[in-house]
Amino acid sequence: MGSTQFGNFNDFCRDSTLPVCNLFVASNQPPNGIYGGCELTGIPLSNGRHLGNLGSILLAFIAILASLFLIWRSDRKQAAVGRREMQIFLLGFIVIEIAEIFTVGAFPLRDDVRKGFSAVHVAAIAATCWILFLNALVGFQFLDDGTPASMGLFFVSGVAIFVGTGYIALDTAFNWTDEFVTDSPEYRNIALYVLYQLFPLVCLFAFFVLETFLVIRILGEFRPMMYLAAATILFAIGQIFNYVISCHICDATNGKINGALFETLFTLLSVVTIWFFWSSITEDDWPTPMSQPMPGYN
């Protein structure tokens with residue numbers, strides 16, 4: 001049974017609002033409708049259109065603003081290890097949130113445009129989780145942070161994952177080559193299942209393990225673990241809302257909202273907490289010398 005279920009999206013798309021599900025939808029079909037789940041209708045607009053998830057759209061805007069603020073705050077931490085690398089992670093999160101406005105937010109768009117944003121969303125999730133994993137390696141100083149070598153590794157590998165995943169998502173949506181055909185009725189797509197469902201989880205787990213080892217065994221501190229544990233719990237709560245509770249919220253509100261709104265909120269809180277975790281294990285400024293020459297002393 002495990003081999004036949006591996007790669008199937010039908011149950012996920014029935015009970016949750018995922019950007020990947022938009023890639024499987026034919027023209028003029030509501031994403032949740034084809035999977036038998038609760039259809040997210042949100043706010044009715046003119047000509048039979050709907051603004052599906054206003055809450056997610058507003059929270060995505062807040063997430064973008066919060067990320068820009070954290071990028072600015074990171075830039076002021078002159079002596080912080082991995083300052084530029086953390087900013088790249090936050091830029092990736094901004095791309096995710098911009099795409100989320102038009103995918104999870106269900107902003108009224110043409111089907112082909114929504115599929116394009118969904119491909120960007122899926123690709124950005126894979127690339128940004130990879131960037132977060134690389135941020136964990138920065139603390140071990142295998143490469144000097146902020147150097148061309150370190151930045152090149154982040155950009156080249158991140159872009160490679162983004163482009164590769166994005167191409168597979170677009171090929172799935174528009175069936176350019178017949179290589180990534182999604183089998184119905186289970187909507188099976190192994191490539192996207194690995195890149196969207198499994199790869200990010202592996203990156204996030206590796207980030208948690210590496211940072212835990214760095215903080216406890218190398219730095220000998222325990223207080224930053226509160227931030228890391230809180231970020232993990234917040235992210236997990238968001239996923240529970242999206243994958244487990246979402247359909248119940250949708251049914252209870254007659255399709256007005258679902259768990260995607262809370263997933264956006266808790267993911268934002270998790271990212272902010274990750275930034276505070278990183279800030280807690282690095283320095284803001286260069287140490288001030290203990291002794292200063294007296295005025296007029298030669």
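**Exercise 1. Decide whether Asn175 counts as buried, partly exposed or exposed, and say where in the chain Asn175 lies.**

Solution. In this predicted model, Asn175 has a relative accessibility of 40% and therefore counts as partly exposed, since buried means under 20% and exposed means over 50%. As to its place, Asn175 belongs to the loop between H6 and H7. The backbone adds a further detail, for the phi of Asn175 is positive, about 55°, although the residue is not a glycine. Along the chain, Asn175 follows H6.

**Exercise 2. Find out whether the length of H6 agrees with its number of residues.**

Solution. Begin with the count, which is 27 residues, and take 1.5 Å a residue, so that the span should be 39 Å. The multiplication uses one less than the number of residues. Now compare this with the model, where the end C-alpha atoms of H6 are 37 Å apart, a value that agrees with the expected one.

**Exercise 3. Carry out the same kind of check for H4, and then say how many of its residues are buried.**

Solution. H4 has 20 residues, for which 28 Å is expected at 1.5 Å a residue, and the distance from its first C-alpha to its last is 30 Å, which is close to that value. Turning to burial, we find that 16 of the 20 residues of H4 are buried, so that the helix is mostly covered. The loop that leads from H4 to H5 holds Ala106, and this residue, which is not a glycine, has a positive phi near 55°.

**Exercise 4. Describe the secondary structure of the whole protein and the share of its residues that are buried.**

Solution. The protein has nine helices and two strands. Read along the sequence, these elements follow the pattern α-α-β-β-α-α-α-α-α-α-α. Of the 298 residues in the protein, 46% are buried.

**Exercise 5. Characterise the largest pocket by its volume, its lining and the elements that contribute to that lining.**

Solution. The volume of the largest pocket is about 810 Å³. Its lining consists of 35 residues, and those nearest the centre of the pocket are Cys129, Leu204, Phe235, Gln239 and Thr267. The elements that give two or more residues to this lining are the helices H4 (83–102), H5 (111–138), H7 (190–218), H8 (224–252) and H9 (259–280). Among these contributions, that of H7 is the greatest, with eight residues. Sorted by chemical character, the lining residues of the largest pocket comprise 22 nonpolar, ten polar and three charged ones.

**Exercise 6. For Asp145, Glu186, Tyr243 and Ile131, give the place in the chain, the degree of exposure and one residue with which each is paired by C-alpha distance.**

Solution. Take the residues one at a time.

- Asp145 is in the loop between H5 and helix H6 (148–174), and its relative accessible area of 23% makes it partly exposed. Val81 is 64 residues away from Asp145 in sequence, yet the two C-alpha atoms are 6.4 Å apart.
- Glu186 is in the loop between H6 and H7 and is partly exposed, at 34% relative accessible area. Between Glu186 and Asn10 the separation in sequence is 176 residues, while the C-alpha atoms are 4.9 Å apart in space.
- Tyr243 belongs to helix H8 and counts as partly exposed, at 24% relative accessibility. Its C-alpha atom is separated by 9.5 Å from that of Asp11, a residue 232 places away along the chain.
- Ile131 belongs to helix H5 and has a relative accessible area of 5%, so that it is buried. Leu153 is 22 residues from Ile131 in sequence, with 9.7 Å between the C-alpha atoms.

**Exercise 7. Which residues are linked by ring pairs into a cluster, and which lysines lie over the face of an aromatic ring?**

Solution. The count of aromatic pairs comes to 19. Through ring pairs, Phe6, Phe9, Phe12, Phe24, Tyr187, Tyr193 and Tyr243 are linked into a cluster. For the lysines, look at the distance from the ring centre: Lys77 lies over the face of Trp278 at 5.7 Å, and Lys115 lies over the face of Phe174 at 5.8 Å. Both values fit the cut-off, which asks for NZ of Lys within 6 Å of the ring centre.

Notes: Residues are numbered from 1 along each chain as its sequence is written. This is a predicted model: local features need pLDDT of at least 70, side-chain atom pairs count only at pLDDT 80 or more; totals for chains, interfaces and linings use all residues. Side-chain values use heavy atoms; hydrogens and water are left out. On a 1 Å grid over the protein atoms alone, a cavity is a set of points where a 1.4 Å probe fits but cannot get out, and a pocket is an open set with protein on both sides within 12 Å along at least five of seven lines; lining residues have an atom within 4 Å of a point. Grid points are joined across faces, edges and corners, and a volume is the space filled by probe spheres set on the points. Helices (H or I, at least four residues) and strands (E, at least two) are DSSP runs, numbered from the N terminus. Ala, Val, Leu, Ile, Met, Phe, Trp, Tyr, Cys and Pro count as nonpolar, Asp, Glu, Lys and Arg as charged, and the others, Gly among them, as polar. Rings of Phe, Tyr and Trp (its six-membered ring) pair if their centres lie within 6.5 Å; planes under 30 degrees apart count as stacked, over 60 as edge-to-face and the rest as tilted. A charge sits over a ring if NZ of Lys or CZ of Arg is within 6 Å of the ring centre and within 35 degrees of the ring normal. Buried means under 20% relative accessible area, exposed over 50%, partly exposed in between (1.4 Å probe, protein chains only).
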